[in-house]
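The following note records several points for a colleague's consideration. Each point concerns one part of the structure shown here.

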Amino acid sequence: MIVETKLLGRRTPFERRPIPLTGDTHTLEQLLTALVEHELAAYHERQAGVGVLRVLTERELADAALTGRVAVGPQDRAATVTPDEATRTALTAFRDGLYYVFLDDEQLTDLSAPITLRPDSTLLLLRLTALAGG
């Protein structure tokens with residue numbers, strides 16, 4: 001499955017990356033839970049490397065320059081995040097309308113509705129931002 005993420009109100013391009021499907025995901029809630037677990041595992045992997053001197057490759061440097069943030073220095077380790085806390089936060093944010101989910105160009109609005117995933121499915125997570133000035 002390809003996952004795209006976009007933050008509205010920013011000029012950054014869509015981020016597209018393949019994420020392997022693991023287990024059965026029959027509802028949006030299960031799919032979001034699986035994505036949170038995947039991202040949390042990647043987060044913990046990145047945290048394991050914090051404090052180690054890193055040298056960026058030319059590609060990493062170019063990619064970082066595109067996002068407007070290049071960081072190579074040691075950083076403090078962040079607090080531990082549990083899968084339950086992260087999942088609860090993601091589901092609450094969805095219920096509060098902070099981001100929209102589209103599966104193969106169709107908006108998903110019900111966490112418990114059945115969904116059909118294919119290996120070539122595209123999932124778009126569209127995060128909304130508040131406008132300044134009301």
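1. Asp104 has a relative accessibility of 27% and therefore counts as partly exposed, since that class lies between the limits of 20% and 50%. In this predicted model, the side chain of Asp104 forms a salt bridge with that of Arg118, at 3.2 Å from N to O. Because Arg118 belongs to the loop between β4 and β5 and Asp104 to the loop between β3 and β4, the pair ties together parts that are 14 residues apart in sequence.

2. Arg118 has a second acidic partner, Asp120, with an N to O distance of 3.0 Å in the salt bridge. Arg118 itself is partly exposed, at a relative accessible area of 39%, whereas Asp120 counts as exposed at 53% relative accessibility. Through shared partners, the salt bridges join Asp104, Arg118 and Asp120 into one network.

3. Ser121 is also placed in the loop between β4 and β5. With a relative accessible area of 0%, Ser121 is buried. A polar atom of the Ser121 side chain lies 2.8 Å from the backbone nitrogen of Arg118. Apart from neighbours within four places in sequence, Ser121 is in contact with Met1, Ile2, Leu103, Asp104 and Thr116; Asp104 is thus a contact of Ser121 as well as a salt-bridge partner of Arg118.

4. How many salt bridges does a search of the whole structure find? The search finds 3. One of these salt bridges joins Arg17 and Glu39, whose closest N and O atoms are 3.0 Å apart. Arg17 lies in strand β2 (residues 15-18) and Glu39 in helix α1, so this pair ties together parts that are 22 residues apart in sequence. Arg17 is partly exposed, with a relative accessible area of 28%, and Glu39 likewise counts as partly exposed, at 26% relative accessibility.

5. The largest nonpolar core holds 24 residues, of which Leu32, Leu35, Tyr99, Val101, Leu123 and Leu125 touch the most other members. At least two residues of this core come from each of α1 (28-48), α3 (83-95), β3 (99-103) and β5 (122-127). The largest share, 7 residues, is supplied by α1. Leu123 touches Met1, Ile2, Val3, Glu4, Leu31, Leu35, Val101, Phe102 and Leu103, when residues up to four places away in sequence are not counted.

6. Helix α3 can be checked against its expected length. At 1.5 Å a residue, its 13 residues should span 18 Å, and the end C-alpha atoms of α3 are indeed 18 Å apart, which agrees. The expected figure is obtained by multiplying 1.5 Å by one less than the number of residues.

7. Which residues of α3 are buried? They are Ala86, Thr87, Ala90, Leu91, Ala93 and Phe94. Viewed down the axis of α3, these buried residues fall within an arc of 160°, so they line one face of the helix. An α-helix has 3.6 residues a turn, so residues three or four places apart point the same way. The buried residues of α3 pack against α1, β3 and β4 (106-108). On the face turned away from the buried side, α3 carries the exposed residues Asp84, Arg88, Thr89 and Arg95.

8. Just after α3, Gly97 adopts a positive phi of about 75°.

Key
Residues are numbered from 1 along each chain as its sequence is written. This is a predicted model: local features need pLDDT of at least 70, side-chain atom pairs count only at pLDDT 80 or more; totals for chains, interfaces and linings use all residues. Side-chain values use heavy atoms; hydrogens and water are left out. A nonpolar core is a set of buried Ala, Val, Leu, Ile, Met, Phe, Trp, Tyr and Cys residues joined through side-chain atoms within 4.5 Å. Buried means under 20% relative accessible area, exposed over 50%, partly exposed in between (1.4 Å probe, protein chains only). Helices (H or I, at least four residues) and strands (E, at least two) are DSSP runs, numbered from the N terminus. Contact means heavy atoms within 4.5 Å. The arc is that of the directions from the helix axis to the C-beta atoms. A salt bridge is a side-chain nitrogen of Lys or Arg within 4 Å of a carboxyl oxygen of Asp or Glu. A polar contact is a pair of N or O atoms within 3.5 Å; within protein, one must be able to donate a hydrogen and the other to accept it, and residues adjacent in sequence count only if both atoms are side-chain atoms.
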